[in-house]
Amino acid sequence: MPVELCYATVASPVAAPSARRATRRRAVVRCAATAPAPMGEKTEYRDGPLERAFMGLFARKMEKFAGRKKKLGSGGEEEKKAVWEWDYESFVDVSRRVMVGRSRAQQQEAVREVLLSMLPPGAPEQFKKLFPPTRWACEFNAALTVPFFHWLVGPSEVIEVEVDGVKQRSGVLIKKCRYLENSGCVGMCVNMCKIPTQSFFTDEFGLPLTMNPNFEDMSCEMIYGQVPPPLEEDPVSKQPCYPSLCSISTPSAAICPKIQN
């Protein structure tokens, strides 16, 4: 079982007697996974409306690149979910449908367009001005990654890494990537997350980023400030499928076909 951190906020009763009768003591408890389940077990998350809204926003943007999975209402029109009605499984399902019928390059371009569509006009240029590739910018973005991307990748922590011979706290260790755990797909990890995210930060934002997924335990190391290697020199280019986890795997292949094509 994953370790969970729970916190409670309690509404304090008003001192006035008349207000006490009208006000009830209310407690709101929220839980978030702080440690992943062991390999072979699935981590349990308790997503709130905000997390579901992020999932819905991303999924809606991705749906225009995905093969349609229409759900018709009573009047015959296509039903659309509100952003807070999405869950993580349906978000991953949209990602999987984006892969169908597309080459590796086309998948990565689809993710790039989705990421750009989430930003206001001129955002990449403003980012470059605010965050030139300095040690401070790398460490600042690493610190932001932990809370802002918990909904997407799960628990993570800032770690010390070495970039060009200099030690700095611009690394993020994702303890067990939620996206990889739920998809079980090496190709989705590489084409829909690792490569496009590296490219987005390095090319669009001007802040180098390298991501090193560990397919043995599903952890991942993000290193801000480190220029990513070409795919053919990256260890992920030799990674086979998860035959027992991926519904679209090719068990007989020595290397995941989605990485090669």
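In the hairpin formed by β3 and β4, where 2 residues lie between the strands, D164 adopts a positive phi near 55°. That turn is a convenient place to enter this structure, which is a predicted model. On either side of the turn, β3 and strand β4 (residues 166-174) are paired in the antiparallel sense over 7 bridges. Two of the pairings can be followed by residue: V163 has V166 as its bridge partner in β4, while S156 has I174 as its bridge partner in β4.

The hairpin belongs to an open sheet of 4 strands, which are arranged in the order β3-β4-β6-β5 with antiparallel pairing. Because β3 (156-163) and β5 (209-214) stand at the edges and each has a single partner strand, one side of each is left without a neighbour in the sheet. From one strand to the next, the twist averages 30°. Moving inward from the hairpin, β4 is joined to β6 by 4 bridges, and these two strands run antiparallel; V172, for instance, has M222 as its bridge partner in β6.

Which helices accompany this sheet? Helix α6 (residues 135-148) packs on the sheet and touches β3, β4 and β6 (219-224), its direction making about 20° with that of β4. Helix α9, for its part, lies across β5 and β6 and runs at about 160° to β5.

A residue within α9 gives a more local view of this part of the model. Q198 lies in helix α9 (residues 186-204), and with a relative accessible area of 4%, below the 20% that marks the limit for burial, Q198 is buried. Leaving aside residues up to four places away in sequence, Q198 touches L209, T210, M211 and P228.

Helix α9 also meets another helix, α3. Helix α3 (residues 88-99) and α9 pack at an angle of about 85°, with their axes 11 Å apart, and α3 and α9 are therefore roughly perpendicular to each other. At this crossing, V92, S95, R96, V98 and M99 in α3 meet G187, M188 and M192 in α9. By character, the residues of the contact of α3 with α9 divide into 5 nonpolar, 2 polar and 1 charged.

The charged side chains add a further set of links, for the structure holds 10 salt bridges. In one of them, the side chains of E89 and K42 meet at 3.6 Å, N to O. This pair links distant parts of the chain, since E89 is in helix α3 and K42 is in the loop between β2 (27-33) and α2, 47 residues apart. E89 is partly exposed, having a relative accessible area of 43%.

The loop between β2 and α2 takes part in another such link, in which R178 forms a salt bridge with D47, the closest N and O atoms being 2.6 Å apart. Here R178 is in helix α8 (residues 178-183) and D47 in the loop between β2 and α2, so that parts of the chain 131 residues apart are linked. Are the two partners buried or exposed? R178 counts as buried at 5% relative accessibility, whereas D47, with a relative accessible area of 22%, is partly exposed.

A further salt bridge brings the discussion back to α9, where the side chains of R112 and E204 meet at 2.9 Å, N to O. Because R112 lies in helix α4 (residues 104-117) and E204 in helix α9, the pair ties together parts that are 92 residues apart in sequence. R112 counts as partly exposed at 28% relative accessibility, while E204 is buried, with a relative accessible area of 18%. Beyond these pairs, E63, D93 and R97 are linked in a network of salt bridges.

Finally, helix α2 (residues 49-63) provides the place of K61. At 32% relative accessibility, K61 counts as partly exposed. Leaving aside residues up to four places away in sequence, K61 touches V114, S117 and M118. For K61 and M118, which are 57 residues apart along the chain, the C-alpha atoms are separated by 8.2 Å.

Key. Residues are numbered from 1 along each chain as its sequence is written. This is a predicted model: local features need pLDDT of at least 70, side-chain atom pairs count only at pLDDT 80 or more; totals for chains, interfaces and linings use all residues. Side-chain values use heavy atoms; hydrogens and water are left out. Buried means under 20% relative accessible area, exposed over 50%, partly exposed in between (1.4 Å probe, protein chains only). Contact means heavy atoms within 4.5 Å. Two strands pair if DSSP finds at least two bridges between them. Axes are lines fitted to C-alpha atoms, for helices over the stretch in contact, and angles run from 0 to 180 degrees between N-to-C directions. Angles under 35 degrees count as roughly parallel, over 145 as roughly antiparallel, 65 to 115 as roughly perpendicular and the rest as oblique. Ala, Val, Leu, Ile, Met, Phe, Trp, Tyr, Cys and Pro count as nonpolar, Asp, Glu, Lys and Arg as charged, and the others, Gly among them, as polar. A salt bridge is a side-chain nitrogen of Lys or Arg within 4 Å of a carboxyl oxygen of Asp or Glu.
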